[in-house]
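Visitor: I am new to reading protein models, and I would like a close look at a single part, the sheet. Could you take me through how its strands are arranged and what lies beside them?

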Amino acid sequence: MRSLSKRLMPVFGRWGPVLLAVIVVYYLIRAPISLAVSSSRLNHNDGNRQNVQGPALGPAGAAQDIRDQNAQQPIGGPRPYQKHYKPAPPRYPALDDHFPWLTKSKVAPPVPEHHLPPSPHVDEATPLLIGFTSNWPLLLQCVSSYIAAGWPPSDIYVIENTGTFSSNQRGELSLQNPFFLNHTALHQLGVNIIMTPTLLSFAQLHNFYLHTALMRQWRFFFWAHSDSIVFSDEDVRRKDRDHDWDHDPFATLYERSIGLMRYLNGPEMPPWATHFFAYDLFTLVNRDAYLDVGAWDTHIPYYAADCDMYLRLHWAGYWQPQSEAGLVFDVGVPMKDIGALFRLPGSHAGFAGDPVFRPADEKAQPHREAELKREQDMWSWVEKEGEAFQHLVEVAERMQNVKWAGNGLSKATWQGRQTGGQGEPYYRDGPGFSAGIEELTNAGRRVFAEKWGHRGCNLLELGIEGKDEWKLERDWDMTKEGGHEGGDWGKDWSKNPSRQLANLGIA
Ligand SMILES: *[C@@H]1O[C@H](CO)[C@@H](O)[C@H](O)[C@H]1NC(C)=O
């Protein structure tokens with residue numbers, strides 16, 4: 001081919017313009033004929049592939065389809081665009097009801113006696129904000145776990161951040177829609193719902209929390225990740241001056257949280273901004289400290305927004321300690337029956353993908369036989385008496401292990417099993433939504449790296465300070481090392497929450 005075109009070059013050089021003129025005139029007059037000719041040539045060229053793949057499949061077939069549709073257009077225009085479809089996404093079984101007790105009884109289940117919130121309500125406002133975008137069963141589980149751990153339902157605010165306007169309020173989305181939220185069920189549990197005006201990023205959502213706290217005059221508020229599950233620790237018998245140990249065997253998560261808030265606001269305490277209970281899976285916020293340093297940087301929409309915020313608070317001199325108020329787990333799946341959290345007889349704390357029930361693999365699970373036996377023994381007990389504290393905690397630990405053994409945070413968090421909702425208001429493609437979030441997450445990392453001159457959250461150990469914001473040259477070579485990727489981004493940030501503060505270096 002090369003040598004042929006070389007030989008033809010001089011000929012074209014001389015006769016090219018004439019040839020071109022002839023061709024143009026020919027096309028203008030005889031477009032239909034030329035089409036037929038070139039069409040048959042295309043068929044001839046791609047004949048083999050087409051025969052193998054069948055008439056309707058493959059790029060050749062697609063090209064032919066487009067060609068037929070465009071038969072009226074003169075040839076010589078832009079080549080028809082060829083669409084190449086991705087493989088179909090995996091299909092998940094349809095989501096079922098994870099809280100049948102609530103659906104059936106239409107009222108909140110009773111909270112076990114020793115977990116009930118103090119009555120009357122404590123003097124302070126104790127709002128707990130839980131943001132929701134997708135994965136309804138996880139949210140229902142999270143909210144239920146806080147109620148069962150003694151949080152007054154009327155102090156829980158689900159922040160609906162689905163970007164579906166009032167569709168959920170009107171009951172227009174189906175359970176299989178990833179952005180489904182059941183307002184009725186949440187009201188039956190006695191919790192509040194606040195809707196964001198449009199879909200907000202993580203950083204924007206947190207500024208919305210601050211705004212809400214300003215509007216409602218909450219100087220302090222708690223917030224939790226919707227993919228967490230908590231328990232009051234029934235095994236801890238600490239000396240808590242506020243607690244009536246004679247009549248109550250343990251302090252609930254709620255009572256201990258209030259104790260901590262009072263402690264932080266006590267006399268001669270340093271100014272504080274945040275109290276972490278398991279990094280920020282469960283967090284207490286001092287609103288005015290956040291506002292003082294300019295709130296969340298919305299140019300860092302997801303990952304690294306936390307590092308940026310907590311570091312700026314640290315540099316501004318705010319104390320951000322961490323301690324426990326109960327047990328907090330990071331989970332990616334809901335229990336099959338959330339009623340288990342309320343110890344309802346017959347509600348079992350099981351979950352899809354529990355390794356205990358997987359086919360035996362002795363090397364990976366040395367204690368599996370014993371665990372399996374224990375699960376079987378528990379079954380009849382739970383049928384009659386409801387779940388036991390120790391067993392609930394064991395199951396939650398396994399749920400967390402399954403999540404941490406997976407692909408990290410984002411996949412498990414955003415990719416629920418709901419794949420339906422097509423045709424409903426504000427429908428969005430589920431995997432497409434996840435992909436969009438991932439792109440924004442990466443963009444946020446790039447902004448962070450440009451802002452602080454470093455790829456990674458470990459600014460303190462490098463001696464970087466708040467005043468260096470946007471003033472430092474990059475500490476890496478963009479042309480040599482994978483752009484904004486790499487550096488210290490790969491450090492162990494995403495898993496064990498209790499290590500994250502140590503990694504940041506602020507506690
Ligand atoms: C929402 O919750 C209510 C009350 O629990 C229930 O009756 C209803 O079926 C739920 N809606 C959907 C679509 O699951």
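**The sheet and its surroundings**

Guide: In this predicted model, six strands form an open sheet, and they follow the order 3-2-1-4-7-6 with mixed pairing. The two edges of that order are strand 3 (192-195) and strand 6 (274-276), and because each of them has a single partner strand, one side of each is left without a neighbour in the sheet. On average, neighbouring strands here are turned by 25° against each other, if direction is ignored.

It helps to keep one general point in mind: the strands of a sheet pair through backbone hydrogen bonds, and this pairing can be either parallel or antiparallel. At the edge formed by strand 3, the pairing with strand 2 (residues 156-160) is in the parallel sense and runs over four bridges. If you look for Tyr157, you will find that its bridge partner in strand 3 is Asn192.

Helix 6 (residues 202-215) packs on this sheet, where it touches strand 1 (128-132), strand 2, strand 3 and strand 4 (220-224), and the direction of helix 6 makes about 150° with that of strand 4.

Turning from the sheet to the ligand, you can find around it the residues Leu102, Thr103, Lys106, Leu175, Asn182, Thr184, Ala185 and Gln188. Helix 3 (100-105) and helix 5 (183-189) each supply at least two residues of this shell, and the largest share, three residues, comes from helix 5. Sorted by class, the shell around the ligand has three nonpolar, four polar and one charged residues.

Definitions and conventions
Residues are numbered from 1 along each chain as its sequence is written. This is a predicted model: local features need pLDDT of at least 70, side-chain atom pairs count only at pLDDT 80 or more; totals for chains, interfaces and linings use all residues. A residue is near a molecule or strand if its C-beta atom, placed from the backbone, lies within 6 Å of it. Ala, Val, Leu, Ile, Met, Phe, Trp, Tyr, Cys and Pro count as nonpolar, Asp, Glu, Lys and Arg as charged, and the others, Gly among them, as polar. Two strands pair if DSSP finds at least two bridges between them. Axes are lines fitted to C-alpha atoms, for helices over the stretch in contact, and angles run from 0 to 180 degrees between N-to-C directions. Two residues are in contact if their C-beta atoms, placed from the backbone, lie within 7 Å.
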